[in-house]
Amino acid sequence: MSALRILVIGSGGREHALAWKLSQSPNVDRIFVCPGNGGTALESKTTNVNLSASDFPALVDFALKNEVSLVLPGPEQPLVDGIETFFRKVGIPVFGPTALAARMEGSKAFSKAFMDRHEIPTAKFKVFQSSEVDQAIEYVRTCGFKVVLKASGLAAGKGVLLPETVDEAIAGLKEIMVDNVFGAAGQEVVVEELLTGPEVSVLAFSDGYTVTPLPAAQDHKRIGEGDTGPNTGGMGAYAPAPVATPDIMARITKEVLQPTITGMRKEGFPFVGMLFTGLMITENGPKVLEYNVRFGDPETEALVLLLDPETDLASILLACAERRLDSVNVKTRQGYGVSVVLASQGYPGSYAKGKEITIGQMPQDVVAFHAGTSAVGGKVVTSGGRVLVVSAYAPTLQGALDAAYAGVANINFEGKVFRRDIAHRALKAKPTTGLTYAQAGVSVDAGNALVEAIKPYVRATRRPGADAEIGGFGGVFDLKATGYKDPVLVSGTDGVGTKLRVAMDVGLHDFVGIDLVAMSVNDLLVQGAEPLYFLDYFACSKLDVATAARVVKGIADGCVQAGCALIGGETAEMPSMYHGDDYDLAGFAVGAVERDLILPQPTIAPGDVLLGLPSSGLHSNGFSLVRKVVALSGLSYSDPCPWDASLTLGRALLEPTRIYIKSVLPAAQAGLLKGMSHITGGGFVENIPRVLPKGMGCFIDASTWELPPVFRLLMQHGGVEPLEMARTFNNGLGMVLVVAPDMASRAIEALQNAGEKNVYRIGEVTAQSGVEMRNLSAWSS
């Protein structure tokens with residue numbers, strides 16, 4: 001590697017800390033800091049540059065004349081303003097994102113929408129324009145949770161309000177949206193749910209593909225001890241934060257950092273630089289508070305001391321800019337880094353400047369980084385609110401704190417203000433004696449909330465024999481109350497298959513519960529049984545009460561259609577067993593039939609008539625092939641449905657499975673049917689033989705009903721042959737009935753009287769085994 005010349009943009013403690021660490025690299029020849037401060041010019045290899053950090057053309061001209069080989073912007077504003085583009089055009093790499101990628105910090109509304117699109121855990125939120133103050137006020141009145149108010153744009157780290165009451169929230173909205181206390185930053189306002197738990201900051205190097213986090217830090221935003229007083233840019237930090245256990249860090253990387261980097265790349269604005277993510281460690285795991293697109297301040301001042309002495313920061317920055325981060329080793333050392341900010345009296349309000357600073361000898365492993373300082377007449381004087389940052393490293397947290405405060409004692413200037421309780425949260429934390437279920441990723445509270453949410457749906461399924469109350473150890477059903485004389489119980493179980501994947505991709509969870517019930521109760525029906533009760537099984541990695549409640553409501557709706565009671569179920573929250581918000585379903589149904597009416601009857605014979613009942617669509621089978629065809633077609637689930645423009649394709653594919661109980665059971669109980677076949681996976685070819693006596697078969701005339709458009713779409717875009725269709729899908733008929741020839745008219749009449757508008761004569765039982773599909777050419781016409 002040729003000797004590097006690095007241009008650092010900025011003037012704070014962060015920039016001094018970066019210059020300090022970069023100067024230790026054997027690969028660095030010169031460091032220019034623009035504009036720098038009273039301490040940056042004191043570092044070896046380092047020179048301050050008296051140019052405006054916002055004059056990009058002048059900076060480019062300087063970089064070209066001085067053969068700069070890498071640019072490192074410190075603050076967020078130059079990145080949001082597009083400094084990367086100016087240098088990229090002249091071939092100088094920048095450790096920092098493009099203006100498009102910098103929107104992750106420049107617009108909180110943009111970043112929240114991004115998190116929503118990529119299912120990155122964060123607080124519930126809603127965005128309002130400054131002209132929508134009345135709507136915003138109505139939202140905080142009715143949302144049902146305490147809120148945080150955030151100016152969407154850049155506000156120097158101070159654009160956040162934490163109201164305690166609804167009245168305070170309304171007043172805060174007026175301050176931001178009407179009084180413009182945050183200026184242009186408040187043109188959009190994010191109102192989000194107040195999360196509770198310890199906060200951590202995770203700074204991670206990224207080249208747009210790889211992401212490598214540093215140890216998690218905790219900063220101290222309030223000016224006063226005990227986290228009191230107004231917010232500041234930060235009064236100190238320490239790392240690693242004990243609350244960010246190895247398990248939590250693994251989850252942050254898997255659930256937040258990598259999905260963020262992958263999502264940004266896929267959306268066309270890959271992130272190169274330092275992704276600085278603020279997170280809340282809630283009972284349900286880490287959730288993102290905000291993104292920043294640069295090194296944090298004062299976190300950086302603590303973290304640079306945790307980098308292994310052999311770790312070359314310059315090589316890491318260049319590797320990121322050249323998209324090869326995986327070629328370098330980012331190594332940190334065991335122990336703790338601490339930073340303590342020394343501020344001017346009055347900060348974060350108005351404060352005096354020009355106070356002379358004296359800095360004595362710093363203890364071993366302690367560095368005083370300059371922030372708001374200037375060199376005037378051979379003296380160093382205060383020139384900002386945050387004046388210096390004293391950072392220390394030690395094997396223990398207490399040792400690092402003691403060393404840092406010893407360094408603070410050796411610095412003097414009039415009006416020196418600092419917090420004496422940095423890391424107080426870690427020091428006061430009581431050692432845990434054991435894990436909780438919530439820490440393992442299972443929320444008992446969420447499970448209880450789901451039970452309460454679904455009780456009204458479950459009660460709607462009451463019927464003779466069951467009161468449909470849930471919450472006990474098991475469901476109870478009184479068979480005697482049903483009036484059966486010589487009953488035989490029939491049971492069935494099933495799932496929904498990969499139709500669930502479509503539901504999760506579309507975000508529509510209202511119908512899969514109906515599918516779940518239909519698949520089981522239709523299987524009971526073909527044996528002549530009346531469904532009596534149903535139980536469900538819902539499995540997930542992390543329980544989302546709203547989603548699960550929508551699924552269970554669908555299950556209850558299906559039970560009402562089938563006339564059976566929902567008497568119980570199981571919700572299994574199993575962290576790491578499923579990905580993200582994925583879930584799976586299983587259902588269990590029990591029915592009864594009088595012994596002499598069990599189907600199929602042994603009297604099925606050649607010449608018996610096959611009747612077909614229409615399906616509602618695909619029902620719940622063949623979706624692995626459906627998804628493949630949709631992918632090949634170039635269509636998306638959000639596109640208008642080709643045969644019904646009032647629906648999206650996704651919604652049309654999710655049309656729930658028909659439940660045939662109320663229209664078919666009366667004919668079965670009247671003895672009009674010899675057998676039934678539920679057309680599920682395997683289509684006609686596999687399912688109809690299951691009901692026929694050994695040695696018998698049937699023929700089906702495909703021209704006797706119209707092939708619905710959804711199946712024609714599959715044939716057209718997937719090139720699926722008609723015979724393959726016949727052994728995969730229901731092709732418009734979800735139930736096939738076997739009746740004696742002399743009973744066909746009576747059976748059709750009974751079915752129509754029970755609500756079946758269309759009943760098709762589709763074929764006959766034959767003396768030859770197998771299913772002969774006739775006139776399949778009708779499906780291609």
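This passage walks through the nonpolar cores, one helix and the salt bridges of a predicted model.

Start with the hydrophobic interior. The largest nonpolar core takes in 100 residues, and Leu673, Met676, Phe684, Ile700 and Trp779 have the most contacts inside it. The top contributor to this core is helix α16 (residues 512–525), which puts in eight residues. A separate, second core holds 71 residues, among them Leu275, Leu279, Ala404 and Ile411. Back in the largest core, Ile700 is worth a closer look. Leaving aside residues up to four places away in sequence, Ile700 touches Leu610, Phe684, Ile688, Trp705, Ile762, Gly763, Val771, Glu772, Met773 and Arg774. One of these partners, Phe684, is itself listed with Ile700 among the residues with the most contacts in the core.

Helix α22 comes next. It spans residues 709–718, and its buried residues are Val710, Phe711, Leu713, Leu714 and Met715. These pack against three other helices: α18 (623–633), α19 (649–653) and α23 (722–726). Just past the end of α22 sits Gly719, with a positive phi of about 60 degrees. In α23, one of the packing partners of α22, Glu724 pairs up with Arg727 in a salt bridge, at 2.9 Å from N to O. Both ends of this pair are partly exposed, Arg727 at 44% relative accessibility and Glu724 at 29%.

That pair is one piece of a wider charge picture, since the whole structure turns up 33 salt bridges. Another joins the side chains of Lys150 and Glu192, with N and O 3.0 Å apart. Lys150 belongs to strand β6 (residues 147–151) and Glu192 to strand β8 (residues 188–193), so the bridge ties together parts that lie 42 residues apart in sequence. Here both partners are tucked away from the surface: Lys150 counts as buried because its relative accessibility is 7%, and Glu192 is buried too, at 2%.

A further bridge runs between Arg550 and Asp510, whose closest N and O atoms are 3.1 Å apart. This one also links distant parts of the chain, 40 residues apart: Arg550 is in helix α17 (residues 545–562), while Asp510 is in the loop between α15 (499–506) and α16. Unlike the buried Lys150, Arg550 is partly exposed, with a relative accessible area of 31%. Its partner Asp510 is likewise partly exposed, at 29%. Finally, salt bridges can join into a network, as they do for Glu76, Glu105 and Arg294.

How values were computed. Residues numbered from 1 in each chain as written. Predicted model: local features only at pLDDT ≥ 70, side-chain atom pairs only at ≥ 80, totals over all residues. Heavy atoms only, no water. Buried < 20%, exposed > 50% of the residue type's maximum accessible area, 1.4 Å probe, protein only. Helix = DSSP H or I, 4+ residues; strand = E, 2+ residues; numbered from the N terminus. Contact = heavy atoms within 4.5 Å. Core = buried A, V, L, I, M, F, W, Y, C linked by side-chain atoms within 4.5 Å. Salt bridge = Lys/Arg side-chain N within 4 Å of Asp/Glu carboxyl O.
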